[in-house]
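Colleague: I should like to examine how the terms used for this model follow from their definitions. Please show me the structure before we begin.

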Amino acid sequence: MSSTGHLTGKGLQAVPRFQHGSRVPGWDDAADLTKDPAGVPDPAVVEVPADLRAEIEDFMSRYPDSRSAAIPALRAAQERHGWCSPEAVEQVACVMRLTPGYLASVAGFYDQLETRPVGHRPVYVCTNISCSLRGADNLLAELQHELAGADDVNLRGFECLGACDIAPMVSVEGVYVGPVDEAEIPELARQIRAGEDPLPAKQLIRRPCQDPGAAAPE
Ligand code: FES
């Protein structure tokens, strides 16, 4: 991973970048071609928790092609293991009768499937074009500074969260806030650490709707 400097109120701070140049993880890990490909796990050998097996089988029953359940099945395993660990992937592969490699390629492609251990509270700073033009890189750097050591938080840049009209924006455990000013970052970080409602006045869900027939926000 390399770094790019961005000016902030505290001087030049590093925003980490992966080898492919993005601020989000992607394709750093090459396949180990010296290993034999792993086969479909043997159900007699791999222990799968009964509730996880039942959940995966339920997902599989909903699609004409059971492989279509790969994403929700991996998500279910991630919820139990904290990330798509080799053990989690093997359990899903065992139930779905797929190879771990097939599922690892799915997990590696989708941003919300974690292929490394992370904090269980996701905080995403959108760093795509609209947010980036409005200072998202600095927001991410500032938030990284303010949340240093908060191991329960999975803080990272994210590519377009679909709320460009409130750029620059942040998703705090699924709560969208924006536009976020750099001066609000210390308070936002304090709220995240304390588990408080993040920037209530900036939450997307509390914005008045243009539709007069829509329910008013609570
Ligand atoms: S670019 Fe940030 S939400 Fe779309």
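Modeller: Read along the sequence, the protein follows the pattern β-β-α-α-α-α-β-α-α-β-β-β-α, with seven helices and six strands. The model is predicted: local features need pLDDT of at least 70, side-chain atom pairs count only at pLDDT 80 or more, and totals for chains, interfaces and linings use all residues. Residues are numbered from 1 along each chain as its sequence is written.

Colleague: What makes a stretch of the chain a helix or a strand here?

Modeller: Both are DSSP runs, numbered from the N terminus: helices are H or I with at least four residues, and strands are E with at least two. Helix H6, for example, covers residues 136-146, and strand S6 covers 175-177.

Colleague: What is the order of the strands in the open sheet, and what makes two of them a pair?

Modeller: Two strands pair if DSSP finds at least two bridges between them. Four strands form the open sheet in the order S4-S3-S5-S6, with mixed pairing. Strands S4 (153-158) and S6 are the edge strands, as each pairs on one side only. From one strand to the next the twist averages 20 degrees.

Colleague: How do you know that the pairing is mixed?

Modeller: Six bridges join S3 to S4, and these two strands run parallel; Pro122 stands opposite Asn154 in S4. Three bridges join S3 (residues 121-126) to S5 (residues 170-172), and this pair runs antiparallel. Across the S3 and S5 pair, Val123 stands opposite Val172, and the bridge partner of Tyr124 is Ser171. In general, strands of a sheet pair through backbone hydrogen bonds, either parallel or antiparallel.

Colleague: Where does helix H6 lie relative to the sheet strands?

Modeller: Helix H6 lies across S3 and S4 and runs at about 150 degrees to S3. Such angles run from 0 to 180 degrees between N-to-C directions, with axes fitted as lines to C-alpha atoms, for helices over the stretch in contact.

Colleague: Is Leu140 of H6 buried or exposed?

Modeller: A residue is buried if 20 or more other C-beta atoms lie within 10 Å of its own, exposed if 12 or fewer, and partly exposed in between, with C-beta atoms placed from the backbone. Leu140 has 29 other C-beta atoms within 10 Å and is therefore buried. Its C-alpha atom and that of Glu182, 42 residues apart along the chain, are separated by 9.6 Å. Of the 218 residues of the protein, 30% count as buried.

Colleague: Why is Val175 called partly exposed?

Modeller: Val175 has 17 C-beta neighbours inside 10 Å, so Val175 counts as partly exposed. Val175 is found in strand S6. Not counting residues up to four places away in sequence, Val175 touches Pro198 and Gln203; a contact requires C-beta atoms, placed from the backbone, to lie within 7 Å.

Colleague: Why are H1 and H3 called oblique to each other?

Modeller: The axes of H1 (residues 50-60) and H3 (residues 86-96) come within 10 Å and cross at roughly 55 degrees. Angles under 35 degrees count as roughly parallel, over 145 as roughly antiparallel, 65 to 115 as roughly perpendicular and the rest as oblique. H1 and H3 are therefore oblique. The contact is made by Leu52, Arg53, Ile56, Glu57 and Met60 of H1 and Gln91, Val92, Val95 and Met96 of H3.

Note on methods: Contact = placed C-beta atoms within 7 Å.
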